[in-house]
Amino acid sequence: MKILVINGPNINMLGIREPGIYGKQTFADLLSLIDKTAREEYLDIEQFQSNHEGAIVDKIQESYKKVDGIVINPAAYTHTSVAILDALKSVAIPAVEVHISNVDARESFRQISYPGMYCEKTIKGQGLDGYRQAILYLKEAYGK
Ligand code: CA2
């Protein structure tokens, strides 16, 4: 089973500031955690991070008929990007949305998620473990 994990803008800055919201772990720790999950679960996992909305749209389009599941943390684009929502709809690949923080308990502008309108599940406030939970969900639901 092939899974694509996508991280949006500033996720590569994890651990550098705002540890009270996002924790002390770094982006390198996140990459390692996902690689470890791939090895333990015998999954082919590709990781992609970009600060650019169009690059994320391009990556989703490229995954058409090549990927069995998508885990996506669109970061700030969560709250603005109809383009990422439309890209997910266009490839029709099962997707799970992840947020490191509990967005429900934060500012009102974080209460809407456009990509989340396509995703079949959203995991929030679980820290980096949310990515592992999302991967395990896709394996359980669609693994082959
Ligand atoms: O909780 C999440 O995972 C978010 O997707 C993270 C985004 C935020 O805009 C979303 O509302 C919720 C922010 C990404 C990381 O931003 C940083 C800010 C300061 C220091 C390091 C990273």
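Strands S1 (residues 2-7) and S3 run parallel and are joined by 5 bridges. The model is predicted. This briefing covers strand S3, helix H2, the salt bridges and the surroundings of Ser101. Strand S3 spans residues 69-73, helix H2 covers residues 27-41, and Ser101 sits in the loop between S4 and S5.

**Strand S3 and its partners**

- On the S1 side, Asn7 has Asn73 of S3 as its bridge partner.
- S3 also pairs with strand S4 (residues 95-99): 3 bridges join the two, and they run parallel.
- The bridge partner of Ile72 in S4 is Glu97.
- Together with helix H4 (residues 82-91), S3 and S4 make a β-α-β unit that is right-handed.
- S3 is mostly covered, with 5 of its 5 residues buried.
- In a regular strand, side chains alternate between the two faces of the sheet.
- In S3, Ile70 and Ile72 point one way, while Gly69, Val71 and Asn73 point the other way; all are buried.

**Helix H2**

- The 15 residues of H2 should span 21 Å at 1.5 Å a residue, and the end C-alpha atoms are 21 Å apart, which agrees.
- The buried residues in H2 are Phe27, Leu30, Ile34, Thr37 and Ala38.
- Seen down the axis of H2, these buried residues fall within an arc of 100 degrees, so they line one face of the helix.
- The cover over the buried residues of H2 includes S1, strand S2 (44-49) and helix H5 (129-142).
- Tyr42, just after H2, takes a positive phi of about 55 degrees.

**Salt bridges**

- How many salt bridges does a search of the whole structure find? The search finds 8.
- Side chains of opposite charge can pair when their charged atoms come close.
- One of the salt bridges is between Asp104 and Lys124, whose closest N and O atoms are 3.0 Å apart.
- This pair links distant parts of the chain, 20 residues apart: Asp104 is in the loop between S4 and strand S5 (121-124), and Lys124 is in strand S5.
- Both ends of the pair are partly exposed, Asp104 with a relative accessible area of 46% and Lys124 at 32% relative accessibility.
- Glu107 takes part in a salt bridge with Arg106, where the closest N and O atoms are 3.8 Å apart.
- Glu107 also meets Arg110 in a salt bridge, at 2.7 Å from N to O.
- Is Arg110 buried or exposed? Arg110 has a relative accessible area of 18% and is therefore buried, the cut-off being under 20%.
- Glu107, by contrast, is partly exposed, with a relative accessible area of 34%.
- Another set, Lys2, Glu46 and Lys59, is joined into one network by salt bridges that share partners.

**Ser101 and its surroundings**

- With a relative accessible area of 6%, Ser101 is buried.
- Which residues does Ser101 touch, not counting those up to four places away in sequence? Ser101 touches Ile21, Tyr22, Arg106, Lys124 and Gly125.
- Two of these contacts also appear among the salt bridges: Arg106 forms one with Glu107, and Lys124 forms one with Asp104.

Definitions and conventions:
Residues numbered from 1 in each chain as written. Predicted model: local features only at pLDDT ≥ 70, side-chain atom pairs only at ≥ 80, totals over all residues. Heavy atoms only, no water. Buried < 20%, exposed > 50% of the residue type's maximum accessible area, 1.4 Å probe, protein only. Helix = DSSP H or I, 4+ residues; strand = E, 2+ residues; numbered from the N terminus. Pairing = 2+ DSSP bridges. Right-handed = clockwise from strand over helix to strand, strands pointing away. Expected span 1.5 Å × (residues − 1). Arc of directions from axis to C-beta. Contact = heavy atoms within 4.5 Å. Salt bridge = Lys/Arg side-chain N within 4 Å of Asp/Glu carboxyl O.
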